[in-house]
Amino acid sequence: MSSENDSNRRQFLKSVGATGITLGAAQSAFAARTAKSSGRVIGANDRINIGVIGCGGRGRSDANDFARFGEEHNNSCQIVAVCDVYEKRKRAAAERHKAKPYSDYRELLNNSDIDAVVVATPDHWHARMAMDAMDHGKDVYLEKPMVHTNEEARDLVNTVKETKRILQVGSQTTSADMWWKAKKAIADGMIGQMIESQGSYHRNSLEGEWNYPIDANAGPEGKGEDYIDWNMWLGHQYKLAPKRAWDADRFFRFRKYWDYSLGIASDLFYHVIAPLNICWDEPQFPVKVMATGGIYVFKEGPKREVPDTFHLLAEYAKGHSLVLSSSMANSRHIPGLIRGHEGTVEMVSHGQFERMVPFITVTPETRRVRGSDGQYALEPIKGSEYKYGIKPIEIPVDQKDMMTAHIDNFLTCMRTREKPHLDVETGAKAVVVINLAAQSYREGKTMYWDAKNWKAVDKPIKA
C-alpha cells in the first residue's frame, strides 16, 4: 500500500548521511518521491472533517470533545470517520458520531474527504500514524506523549517541515492561560534569571495505576464485536513492538509495559514538561537527565514493568534545572512553580497541572537591610532596580476550559496555517526529556543529549 512507501522516510533520512547529501536536500528528494495531496484549503466558514484513530478511553473522549466543539461553534467541525482494531470500540464510536468505521487506519487515510485526524492510539503507533497522515495531506491532532522514541521525534519534526501540515500535540493544558501569563511575567523580568522549575503528578487509585477493566471475551479469537486485531495493534510487522501471544493485560493496560509506553514519564510527566516549556523564554532541549524510582507498592510481577514511583532531574544549557516527582501510590502534589533569582512564579498552587487556577502568583525575593535609624526592613533582593515591590502579586487567569481552547487553537491554525500552541518542535523538546529519563532509570546511569545528532550519549557534549 502507499503508506508502506511513506514509512520508509526514516530509513531514507538515515541513509543520506553517507552520501554527503544535506538534510534539506534529502528531505526535498524524499518529498518528491512520496508526494501526496497537500490537502484542501479550508476557508473561514468551511466545516472541518475529522477522522479519529484509536477509540479507547482517550480517543473516545477526544471524539466527544471535538464533536461538542463543532455543535457549539456553528458546525465548525464534525467526526466523519473512526478507526480501531477492537470491533466493539469501533462500532460504538461509529454509532455515536454517525461516522464511517474503519479497522485499518491506512484505509481511513485514503479517504480524501477527511481534513484532519486525531491519533489516540498506544504511544508506539503515534509517529507512524502521524507521518502517514501528513503524507496523505491531513493535519494531525496527536495525543501526548507525541512519540515513543527520540528517533521518532526527529522524524516527526522533519515530516512536519516537509509536508507543511499542522500538528498539535494533545496535551490540552498547554492552551490554559496560566502558562502564557507566567511566560509574560518571566519575560517582563519579574523573577530575574531563571534557576529551577518544579512540578509533580501524583495519584492513588486503581485506575490511576492504569489497571483499567479487561473485557474477558475480547481478543484475536473473539467473535463479532469481541474481535481484536492483535497483530495490527502490536505493529510487530513494522518493528514497532515485539511479536507476542495475546495478552489481555498488555492490550487493556498498555501503559504498564515499556514496549508501548513509558508509564509515569510519558503518560503523566508530559503534562508537566510541555507547559513548563511554554513558560520559559523558549522551548529547550536538556543537556543532562537522570531519573530514579521503583516499584514500591504495586508489585504485580510480570504484569507490570514501569515504576509506580518516579523522579526526574534535568539540566539545561541556559543554566537552570527541572525537578519532577510522581507516585501512583500517594496523591499529594507539589506546587508547580518556577524559581528565579529575583522572584518565584507559582502557576498551580495545588500542584495539579491539568486543573485551572484563578490566578498565578509572583513572589519577589527579598532581603533584610538595616537603615540609618538602626531598624531592619525588607527590600527586593535586586534593590531599587526591581520595580515590582516586595509583596506577592496575583495575576488573574482566564478561565476558558483548556480542552476547548486547545481544540479551538488547532482548528484555527488549520485555517490560518499558523503554528499551534503545542507545535511539533515544542513537543519534541518535552518528549526528549521523558525518553532520556526513562532510559536513565532503566540503565541506571545519567544520560546526556546530543542535540545536533538527536541521540542520547554517555558523556557530556563539549561546547
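This briefing walks through the aromatic pairs, helix packing, cysteines and backbone details of the structure above. Keep in mind that the model is predicted. A search of the whole structure finds 22 aromatic pairs, while the count of disulfides is 0. Two helix packings are described below, one oblique and one roughly antiparallel.

**Aromatic pairs and cluster**

- Of the aromatic pairs, 22 in the whole structure, a good one to start with is F285 with W454: the ring centres are 5.2 Å apart and the planes meet at 80 degrees, so this pair is edge-to-face.
- That pair links distant parts of the chain, with the two positions 169 residues apart in numbering. F285 belongs to the loop between α13 (270-279) and β8 (286-294), and W454 to the loop between β17 (447-450) and β18 (455-457).
- Both F285 and W454 are buried.
- Y386 and Y388 make another edge-to-face pair, with 5.4 Å from centre to centre and 70 degrees between the planes.
- The two tyrosines sit in unlike surroundings: Y386 is buried at 7% relative accessibility, whereas Y388 is partly exposed at 22%.
- One aromatic cluster brings together Y86, W230, W233, W246, F251, F252 and Y260.

**Charges over rings**

- R128 places its charged end over the ring of Y238, 4.0 Å from the ring centre.
- R128 is also one of the buried residues of helix α7.
- A second arginine, R368, lies over the face of Y376, and here the distance to the ring centre is 4.3 Å.

**Helix α8 and its partner α15**

- Helix α8 (residues 150-163) includes N150, and helix α15 spans residues 424-443.
- The two helices pack at an angle of about 175 degrees, and their axes are 9 Å apart. Because angles over 145 degrees count as roughly antiparallel, α8 is roughly antiparallel to α15.
- On the α8 side, the contact is made by N150, A153, L156, V157, V160 and K161. On the α15 side, V424, E425, A428, V431, V432, N435 and L436 take part.
- N150 is buried, with a relative accessibility of 11%.
- Leaving aside residues up to four places away in sequence, N150 touches V431, V432, N435, L436, W449 and W454. W454 is also the ring partner of F285 described above.

**Helices α9 and α13**

- Helix α9 (residues 177-187) packs against α13 with an angle of about 40 degrees and 7 Å between the axes.
- That angle makes α9 oblique to α13.
- The α9 residues in this contact are W179, W180, A182, K183 and I186, and they meet P275, I278 and C279 of α13.

**Helix α7**

- How many of the residues of α7 (residues 126-135) are buried? The count is 10 of 10, and the helix is mostly covered.
- The buried residues of α7 include H126, M129, M131, D132 and D135.
- After α7 comes G137, which has a positive phi near 80 degrees.

**Cysteines**

- No disulfide is found: the count is 0. C77 is in none, and the nearest cysteine sulfur to its own is that of C413, 14 Å away.
- Why is C413 without a bond to C77? The sulfur of C413 has its closest cysteine sulfur, in C77, at 14 Å, which is too far for a bond; the cut-off for a disulfide is 2.5 Å.
- C77 is buried at 3% relative accessibility, and C413 is buried too, at 2%.

**Backbone details**

- K144 and P145 are joined by a cis peptide bond with omega of about 10 degrees. P145 is in the loop between β5 (139-143) and α8.
- N74 has a positive phi, near 55 degrees, in a residue other than glycine. N74 belongs to the loop between α4 (57-72) and β2 (77-83), and at 76% relative accessible area N74 is exposed.
- K164 likewise has a positive phi, near 60 degrees, and is not a glycine. K164 is in the loop between α8 and β6 (167-170), and at 63% relative accessibility K164 counts as exposed.

Notes:
Residues numbered from 1 in each chain as written. Predicted model: local features only at pLDDT ≥ 70, side-chain atom pairs only at ≥ 80, totals over all residues. Heavy atoms only, no water. Buried < 20%, exposed > 50% of the residue type's maximum accessible area, 1.4 Å probe, protein only. Phe/Tyr/Trp six-rings, centres within 6.5 Å; stacked < 30°, edge-to-face > 60°. Helix = DSSP H or I, 4+ residues; strand = E, 2+ residues; numbered from the N terminus. Lys NZ or Arg CZ within 6 Å of the ring centre and 35° of its normal. Contact = heavy atoms within 4.5 Å. Axes fitted to C-alpha atoms, helices over the stretch in contact; angles between N-to-C directions. Parallel < 35°, antiparallel > 145°, perpendicular 65-115°, else oblique.
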